[in-house]
Amino acid sequence: MLFAERLKLCRENRKWKQREVAEAVCVNLRTYQGYEGGRSEPKFETLIALADLFDVTLDYLLGRTEQ
């Protein structure tokens with residue numbers, strides 16, 4: 001599974017809106033939409049913030065593991 005798909009799945013499982021996630025990791029909405037749309041990739045610091053927010057590992061978020 002690609003990063004964009006995994007990111008969207010994590011967000012939908014929590015029933016959060018894109019805006020809520022964007023605000024939580026301090027990026028603007030369009031930037032976050034680019035992550036979910038596969039048009040851009042977050043900086044390392046933002047990746048860590050996303051993994052922490054969703055309580056998953058970076059390997060999971062990046063599609064390297066299924067756990």
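User: Which residue just after helix 4 takes a positive phi?

Analyst: Happy to help! This is a predicted model, where local features need pLDDT of at least 70, side-chain atom pairs count only at pLDDT 80 or more, and totals for chains, interfaces and linings use all residues. Residues are numbered from 1 along each chain as its sequence is written, and side-chain values use heavy atoms, with hydrogens and water left out. Helices are DSSP runs (H or I, at least four residues) numbered from the N terminus. Just after helix 4, the residue with a positive phi, about 55°, is aspartate 55.

User: Which residues of helix 4 are buried?

Analyst: Good one to look at in the model. Buried means under 20% relative accessible area, exposed over 50%, and partly exposed in between (1.4 Å probe, protein chains only). In helix 4, residues 44–54, the buried ones are Thr46, Leu47, Leu50, Ala51 and Phe54.

User: Why are they on the same side of helix 4?

Analyst: Look at the directions from the helix axis to the C-beta atoms, which define the arc. The buried residues share a side because their arc around the axis is only 140°.

User: Which residue forms a salt bridge with glutamate 66?

Analyst: A salt bridge is a side-chain nitrogen of Lys or Arg within 4 Å of a carboxyl oxygen of Asp or Glu. Glutamate 66 is exposed at 62% relative accessibility, while its partner is buried at 0%. With closest N and O atoms 3.2 Å apart, the partner is arginine 6.

User: How many residues apart in sequence are the parts that this pair ties together?

Analyst: Glutamate 66 lies in the segment after helix 5, and arginine 6 lies in helix 1. The pair therefore ties together parts whose separation in sequence is 60 residues.

Definitions and conventions
Helix = DSSP H or I, 4+ residues; strand = E, 2+ residues; numbered from the N terminus.
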